[in-house]
Each structure stands twice: as C-alpha cells, then as structure tokens.
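Colleague: Could you walk me through this one? I would like to hear the reasoning behind each label you use.

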Amino acid sequence: MGQEVGRLSYLDWLRVLAVFGVFVFHTLRPFDDADWHVKNAERSEGISIGIAFLGLWGLAFFFLLSGAGAWLALRWRTAGGFVKERLLRLLLPFAIAYVLLSPPQYLLEESHKGRSGASVKAFFSDLGGDAPLWLRDTYHLWFLVYLLQFALLGLPIFLWLRGQHGRRLVDWIVRHCTRRGSILLLAVPLVPVHLLLLAAPGPDHGWGEFVFFFDFFVVGFLVMSDDRLTAAVRRDAVPGLILGITAFVTGVATGIIDFLEDWWEDPGYSWPYAWYSLLITLAVWGWLVAVLGGGMRLRGFQRPLPAPLARAAMPFFLVHQPIILLIAYYVVEWNGLWSKYAVLLPTAFVVSAGLAWLLSALPGVSVLFGVKRQRMPVEQRPGRS
C-alpha cells in the first residue's frame, strides 16, 4: 500500500522508534532504584542513570511528535473533524485498554507487594477517589489522556498560529533562527515556565509535568508549521546533540540523580532545583532537536513505513506494559540481574509484538485499539474508473 498523500515518512519511523523506546524504558523499571509496580530485589545504579537519561527526553519527544502529527492532521481536516478523529483514536482505545488491561496490572502489583484484598471488584470500586482518574490507577495509559487533553487545549492555539497574527509570530521566530544553532533558542522561553511549574505541588503526572509536556507538544506543531523552522531543526541536529549531551553530563556530574531521588518525594523550590530545572529544559530540547533533525536526515527514514508496522504501533503501546509486568512478576524471583533482563526484554518484545500484530489485523477489533482506518486509494474507490 502506498504512502498517504502529504505524510512525512520520517515522522512515522520516529514515532515507531519512540514506542520502542518506551518499551525499553519499562523493561528497565524493575531494576532501577525507584519504586515501580514490580521490583527486583537487586537494583542497578547504571540502569537508574539510563532510566534518568531516557525519561529526561523520551516522553517529551513522544509529545513533540504528537504535536507534529496534529499539524499534519489539520492540513486537511476541519477543527471538528480533528476533534472527532482524536476521540476515536485516543479516547476509545483508552477506555478499552483501561477496562481490559489495568485490572491485571493492579492484581500483579498487589500480589507482588504482598497486599491482600486485591480483586477486579476492588480495583473498580476505587474509581470514586478524590484524584482524577488518570492520576491514580491507569498505569501507562495516562499518556493517552494527556494526548487527548493536549489536542483539545492545543487546537485554539494551532488555529491561531495558522491565522494572520499567528503567522506574524512564526515569521518573527523564523527571523531569529537563521544562524546555525539558533533553533536551540526556542528553549529560552520554556525555562521560566518550567522553573515555575515543575515544583508545583500535586500528585504524580500533576500540573507541572502536564505543562512541561504540553509545551513540547505545541513546539512540535510550531516547528512543522513552517518549512524554514523544519529546515532549521534539520540543520541544527549536531548542535542540538552537543547541547543535550553537555546539559545531561553536567547534571549527572553535579548530582542530579541523587537530587531527583529525594526531590520527587517532596518537590519544592530551592537553588539546586533552579539549577537542575534549567539543565533539564536545555537537555530535553537539545536531544529533541538532535533526534528529530537526525530523523529528517536519515535516507532510510524517507521511505514509507511498512503498513503492518504502522498499524501495530498503537496496539503495541497499549499491551506492552501488562506483558512486561506479567513476565517480570516471575523473572524477578530468579538469580542474576542481567540474566533476568536478558530474558525479560526479548520475551516481552516478542509477545507484545505478536499480540499487537494480531489486534491490528483483526477487522473491527483494530479500531478499538487505536488503529487508523485504512483509506482506500483514490483509483480504487467506488465510482472511479
């Protein structure tokens, strides 16, 4: 099947790589120093640093790509059509996956941690709590809720950017991004926003994190909205890599890992927080420019993504964490940290990929798991010869 008209293949390839990155991230979680649903008795400092590195920019990159995808969708959809499409591809799979996949994760976690009274009924009876649903017990599915909220909140901004006044702002930004490395200056207005809000009190995935990721969602749309900004990102992939590495290494050298371990338990404002907040914003934007610009440059990413791979991406995201938890539940009881991981990663990938392919190939079922309906080529549509 040919590539959809107007699609940018490198975005599709990068999106699949981002999903795989989330998968790798979650396979590492049983072995890092932080709490998670299923934990190994032996922890690894090296894995904790790897987790910090991936978590630093990986999710922000996911949201950046989603913002870029919103730009693509709005090129030929009305605002109403855009909202309808996002509801179908985000809210529907969230509801299905929440009902089917969250209770098993809850049962595995409760059993692993030795807590009694766990049942499917107990899981659903907790829906009346004070915190919003997606902040309490949706496991990895919070990402879909963020995406849906970002799409609805971002839509007025996107429509404004496409208008006369918005184009003036874009032109002003372009004029300041003509020199090599200058696209990295887009991080400057993000620094004070993140400095102010990241330490705001709240539960996990609270408002500070919400705004942090929403910023990069909007930046993804902004970058794709003008060919000159896209070209600037492509041009500045290497400076972005240098900034990302420098900021991350500086953070590690000055103790960001130890700081964050304590800070996440009790977020607050302090001089060390101001320093690390600055480094995090610079590192994230540097890596985003490096990876997005690199994807634009890679020749292989200019070819259309194979249709089965594209269709299986969302189902893979939905099913991968429950499968990781199920396998890790038994694997962590074995001996040898790295031998456990050598079993967990490939086994979870094969099972997740196989189930994702099956779900994406079943007529009717695939739509429930966020698979985009295939559009019939123009030359094959009824009424055309």
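Modeller: Happy to. The protein chain comes to 15 helices and zero strands. Please keep in mind that this is a predicted model.

Colleague: How much of the chain is buried, and what makes a residue count that way?

Modeller: Buried residues make up 49% of the 385 residues in the protein chain. The label requires under 20% relative accessible area. As for the surface, the accessible area of the chain is about 18700 Å², and 66% of that belongs to carbon and sulfur atoms.

Colleague: Why is Tyr-139 called buried?

Modeller: Tyr-139 has a relative accessibility of 13%, and the cut-off is under 20%, so it counts as buried. Tyr-139 is placed in the loop between α4 (120-125) and α5 (142-162). Its phi is near 55°, a positive value in a residue other than glycine.

Colleague: And why is Gly-300 called partly exposed?

Modeller: The relative accessible area of Gly-300 is 27%. Partly exposed covers what lies between the buried limit of 20% and the exposed limit of 50%, so Gly-300 belongs there. You will find Gly-300 in the loop between α12 (271-297) and α13 (307-331).

Colleague: How far apart are Gly-300 and Trp-13, in sequence and in space?

Modeller: They are 287 residues apart in sequence, and their C-alpha atoms are 9.2 Å apart in space. For the chain in general, take the contacts with a separation of 6 or more: residues 24 or more positions apart account for 79% of them.

Colleague: What about Asp-33 and Glu-261: how do you know that they touch?

Modeller: A contact needs heavy atoms within 4.5 Å, and Glu-261 is among the residues that Asp-33 touches beyond four places in sequence. The others there are Arg-43, Ser-44, Glu-45 and Ser-48. Between Asp-33 and Glu-261 the C-alpha separation is 8.6 Å, with their positions 228 residues apart along the chain. Asp-33 lies in the loop between α1 (9-28) and α2, while Glu-261 is in helix α11 (residues 256-263).

Colleague: Which label do these two get, and why?

Modeller: Asp-33 has 33% relative accessibility and Glu-261 has 37%. Both values fall between 20% and 50%, so both residues count as partly exposed.

Colleague: Let's go inside. What makes a set of residues a nonpolar core, and how many residues does the largest one have here?

Modeller: The members must be buried residues of the nonpolar types listed for a core, joined through side-chain atoms within 4.5 Å. The largest such core has 117 residues, and those with the most contacts inside it are Ile-183, Trp-285, Leu-292 and Leu-318. Helix α2 (residues 45-74) gives the most to this core, with 16 residues.

Colleague: What is Ile-183 in contact with?

Modeller: Leaving aside neighbours within four places in sequence, Ile-183 is in contact with Cys-177, Leu-229, Ala-232, Val-233, Arg-235, Asp-236, Trp-285 and Val-289.

Colleague: How many cavities does the structure hold, and what makes a space a cavity?

Modeller: There is one cavity of 30 Å³ or more. A space is called a cavity when a 1.4 Å probe fits but cannot get out. The largest cavity has a volume of about 40 Å³. The elements giving two or more residues to its lining are α10 (237-253) and α12, and α10 gives the most, with four residues.

Colleague: Which residues line the largest cavity, and what classes do they belong to?

Modeller: The lining consists of Leu-56, Ala-247, Phe-248, Gly-251, Val-252, Ile-256, Leu-279, Ile-280 and Ala-283. By class, that is eight nonpolar, one polar and no charged residues. Gly counts as polar, so Gly-251 is the polar one.

Terms used:
Residues numbered from 1 in each chain as written. Predicted model: local features only at pLDDT ≥ 70, side-chain atom pairs only at ≥ 80, totals over all residues. Heavy atoms only, no water. Buried < 20%, exposed > 50% of the residue type's maximum accessible area, 1.4 Å probe, protein only. 1 Å grid on protein atoms, 1.4 Å probe; cavity = no way out; pocket = protein on both sides within 12 Å on 5 of 7 lines; lining within 4 Å. Points joined across faces, edges and corners; volume = space filled by probe spheres on them. Areas by Shrake-Rupley, 256 points an atom, 1.4 Å probe, with all protein chains shown as cover.
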